[in-house]
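Visitor: I am new to this structure, and I would like to know the reasons behind the words people use for it. Could you show it to me and take my questions one at a time?

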Amino acid sequence: MSKLTKNQKLALSKIEAGKSYNLAEAVEKVKEVNYAKFDASFDIDVRLGVDPRKANQMVRGVVTLPHGTGKQVRVLVLCNPDAAAAATAAGADYVGLEEYIDKIKSGWTDIDVIITQPAIMGKIGALGRILGPRGLMPNPKSGTVTMDVAKAVEEVKKGKIDFKVDKNGIVHSSIGKVSFSPEQMRDNVKEFINTLIKLKPATAKGTYIKSIYLSSTMSPGVKVDAKSVDA
C-alpha cells in the first residue's frame, strides 16, 4: 500500500472517523478537505441494499441535475439528414452519420455522449467493441436512442446523466464541481438520491440506501447521514 501524502494526511485529519455528517456539514467538509489545484469533480457513492446479480434488482436510470455537472459535455449525434439541423441547433458538438462512424472505426472517441435514432442503431452495433468499454454506446434506457435527438441533446447539455449500480451494489457518479456553492451541491445530492429512491426495486428487502459518501477528486470520502438528505 502506498504511503499517504502530506495533503492526504491533512485531509483525513479533518474528517472525524466513523462520523456521519448531515448533508450541509458533509458538503462543507468536502470543500474544506479538497486540495486539488484544479476545479475538482464533486462525487457521490451510494451503497444500495440490492443484489445486482439478479435482473430484477438492477438499478439503472437517468437524472437531470438542477445545477448541471459543471462539465463541458461533448455530444455527437448520429442521425439521418432530416434531423441534423435540429440537433445542431440544440447544441450538439458533432452531427453526421457515415463520416463519424468511419472516424470511430479509426479510433476517434473524443466525445462524452453519443445520441442517435432507433433506425441508426443497426449501423452502430458494429462499433460496440470500441464504444462499449468507454461507456459511449447509445442506449434507449439512458435516453440516448430516441426519435427526438434535439431534445436529448438539450437535456444532456443541461446536466442529464445516466448511472448504473455496479457488481458490488454501489452507484458512483460525478454530480458537480467543488467550485459550486454549498446550496447547489446540496440540491444536486438531493435530486440524485431522490431519483435512486424512485428506482427502488420491488424485490429489494431491508435497508435500501445503506450508505452515502461525498468526495472530491483525490480527497477522502465524507459519510453522510442518509436521513439528513430528506431534511
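Guide: Let us start with the surface of this predicted model. The accessible surface of the protein comes to about 12,400 Å², and carbon and sulfur atoms hold 50% of that area.

Visitor: What makes the protein as compact as a globular protein of its length?

Guide: The globule rule gives 17 Å for 231 residues, and the radius of gyration here is 19 Å, which is close to that value, so the protein counts as being as compact as a globular protein of that length. Along the principal axes, the C-alpha atoms fill a box of roughly 55 × 45 × 35 Å. Eight helices and nine strands are found in the protein. Of the contacts with a separation of 6 or more, 73% are between residues 24 or more positions apart.

Visitor: How many of the residues are buried?

Guide: Buried residues make up 45% of the 231.

Visitor: Why is valine 224 called buried?

Guide: The word applies under 20% relative accessible area. Valine 224 has 4%, so it counts as buried. This residue belongs to strand S9, residues 222-224. Leaving out residues up to four places away in sequence, valine 224 touches Ser20, Tyr21, Leu23, Ala26, Ile212, Leu214 and Val229. Alanine 17 is 207 residues from valine 224 along the chain, and their C-alpha atoms are separated by 12 Å.

Visitor: Which strands does S8 pair with, and in what sense?

Guide: Strand S1 (residues 41-48) pairs with S8 in the antiparallel sense over seven bridges. One example is isoleucine 44, whose bridge partner in S8 is leucine 214. S8 and S9 also run antiparallel, joined by three bridges; there, tyrosine 213 has lysine 223 of S9 as its bridge partner.

Visitor: What makes S8 a mostly covered strand?

Guide: Six of the eight residues in S8 are buried.

Visitor: What is notable about phi in methionine 218?

Guide: Most residues other than glycine have a negative phi. Methionine 218 has a positive one, near 75°. Its place is the loop between strand S8 (209-216) and S9, in a hairpin with five residues between the strands.

Visitor: Why is methionine 218 called partly exposed?

Guide: Partly exposed covers what lies between buried, under 20%, and exposed, over 50%. Methionine 218 has a relative accessible area of 48%, so the middle word fits.

Visitor: How do you know that methionine 58 belongs in that middle class too?

Guide: Its relative accessible area is 36%, so methionine 58 is partly exposed as well. Methionine 58 sits in the loop between S1 and S2 and touches Pro52, Lys164 and Val165, not counting residues up to four places away in sequence. From methionine 58 to aspartate 43 there are 15 residues in sequence and 21 Å in space, C-alpha to C-alpha.

Visitor: Which residues of strand S2 are on the covered face, and which are on the uncovered one?

Guide: In a regular strand the side chains alternate between the two faces of the sheet. In S2 (residues 60-64), Gly61 and Val63 form the covered face, while Arg60, Val62 and Thr64 form the uncovered one. S2 runs antiparallel to strand S6 (residues 160-164), with five bridges joining them. Valine 62 has aspartate 162 as its bridge partner in S6.

Visitor: Why is serine 173 called buried?

Guide: Its relative accessible area is 8%, under the 20% limit, so serine 173 is buried. Serine 173 lies in strand S7 (residues 170-177). Among its contacts beyond four places in sequence are Phe42, Ile161 and Phe192.

Visitor: What makes tyrosine 100 and tryptophan 108 an aromatic pair, and why is the pair called tilted?

Guide: The structure holds four aromatic pairs. In this one the ring centres are 5.7 Å apart, within the 6.5 Å limit, so the rings pair. The planes are 40° apart, neither under 30 nor over 60 degrees, so the pair is tilted. Ring pairs link Tyr94, Tyr100 and Trp108 into a cluster.

Visitor: How do you know that tyrosine 100 and tryptophan 108 are buried?

Guide: Tyrosine 100 has 14% relative accessibility, under 20%, so it counts as buried. Tryptophan 108 has 15%, so the word applies there too.

Visitor: What sits over the ring of tryptophan 108?

Guide: The charged end of lysine 103 does, 4.2 Å from the ring centre.

How values were computed
Residues numbered from 1 in each chain as written. Predicted model: local features only at pLDDT ≥ 70, side-chain atom pairs only at ≥ 80, totals over all residues. Heavy atoms only, no water. Phe/Tyr/Trp six-rings, centres within 6.5 Å; stacked < 30°, edge-to-face > 60°. Buried < 20%, exposed > 50% of the residue type's maximum accessible area, 1.4 Å probe, protein only. Lys NZ or Arg CZ within 6 Å of the ring centre and 35° of its normal. Helix = DSSP H or I, 4+ residues; strand = E, 2+ residues; numbered from the N terminus. Contact = heavy atoms within 4.5 Å. Rg over C-alpha atoms; globule rule 2.2 N^0.38 Å. Areas by Shrake-Rupley, 256 points an atom, 1.4 Å probe, with all protein chains shown as cover. Pairing = 2+ DSSP bridges.
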